[in-house]
Amino acid sequence: MTQTPEDLRYTEEHEWVRRTGPTTVRVGITDYAQSQLGDVVFVQLPDNDNDVTAGDSIAEVESTKSVSDIYAPLTAKVVAINEDLVSEPETLNTDPYGDGWLFDLELADEAGLDAALAQLLDAAGYQGVIGG
């Protein structure tokens, strides 16, 4: 069974979002997503310092089966990227909620982040999307 941690928020496009500070979040792909992809062989990350818009494709994950777009879950600025994935993309398969994170985003203010996170799915809602 795939893992869906209760403390995260989720998108219907299979990204997870973890709040890391008053205005910051960390983003990755879900256990379900990595299991559907199969063996990840390449990750293209967004540029650091880029402003991104919720719903826009900002990264790619390539597996032996397919190429999948990664969408910005929130309108924010990219403040960190996981450089380790460039040389070790398989980390997305082995630790999707830990070392396999993709990028960090920062919003202008705490209230804006509260509101944005409220729009995302909770674990139960995401389970409904994936039929869990």
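Which side chain does the side chain of Thr-4 make a polar contact with? Let's start there, and keep in mind that what we're looking at is a predicted model.

The partner is Gln-127, and the distance between the two side chains is 2.3 Å. Thr-4 sits in the segment before β1. Its relative accessibility is 14%, and the cut-off for buried is under 20%, so Thr-4 counts as buried. And what else does Thr-4 touch, if we skip its neighbours within four places in sequence? Besides Gln-127, the list has Tyr-10, Tyr-97, Ala-123, Tyr-126 and Ile-130.

Okay, hold on to some of those names, because helix α5, residues 123-130, has Ala-123, Tyr-126, Gln-127 and Ile-130 as its buried residues. Why do they end up on the same side of α5? They cover an arc of only 105° around the axis, so they share one side of the helix. If you want the general background, an α-helix has 3.6 residues a turn, so residues three or four places apart point the same way.

Now flip the helix over. On the other side of α5 you'll find Ala-124 and Gly-128, and those are exposed. So what do the buried residues of α5 pack against? Two elements: β1, which is residues 9-10, and α1, which is residues 31-37. Right after α5 comes Gly-131, with a positive phi near 75°.

Speaking of phi, there are a couple of other spots to click on. As a rule, most residues other than glycine have a negative phi. His-14 isn't a glycine, yet its phi is positive, at about 75°. You'll find His-14 in the loop between β1 and β2, where β2 is residues 15-19. Then there's Asp-49, also not a glycine, with a positive phi of about 80°. Asp-49 is in the loop between β4 (40-44) and β5 (51-52). Is Asp-49 buried or exposed? Exposed, with a relative accessible area of 55%.

Last thing, the annotation. UniProt, in an unreviewed entry, puts a "Lipoyl-binding" domain at residues 24-106. In our model, that stretch is 18% helix and 42% strand. And how far apart are the end C-alpha atoms of residues 24-106? They're 4 Å apart.

So if you open the model later, begin at Thr-4 and its polar contact with Gln-127, then follow the buried residues of α5 across to β1 and α1.

How values were computed: Residues numbered from 1 in each chain as written. Predicted model: local features only at pLDDT ≥ 70, side-chain atom pairs only at ≥ 80, totals over all residues. Heavy atoms only, no water. Buried < 20%, exposed > 50% of the residue type's maximum accessible area, 1.4 Å probe, protein only. Arc of directions from axis to C-beta. Contact = heavy atoms within 4.5 Å. Polar contact = N/O pair within 3.5 Å; in protein donor to acceptor, adjacent residues only side chain to side chain. UniProt positions renumbered as here; feature names shortened; annotations may be inferred.
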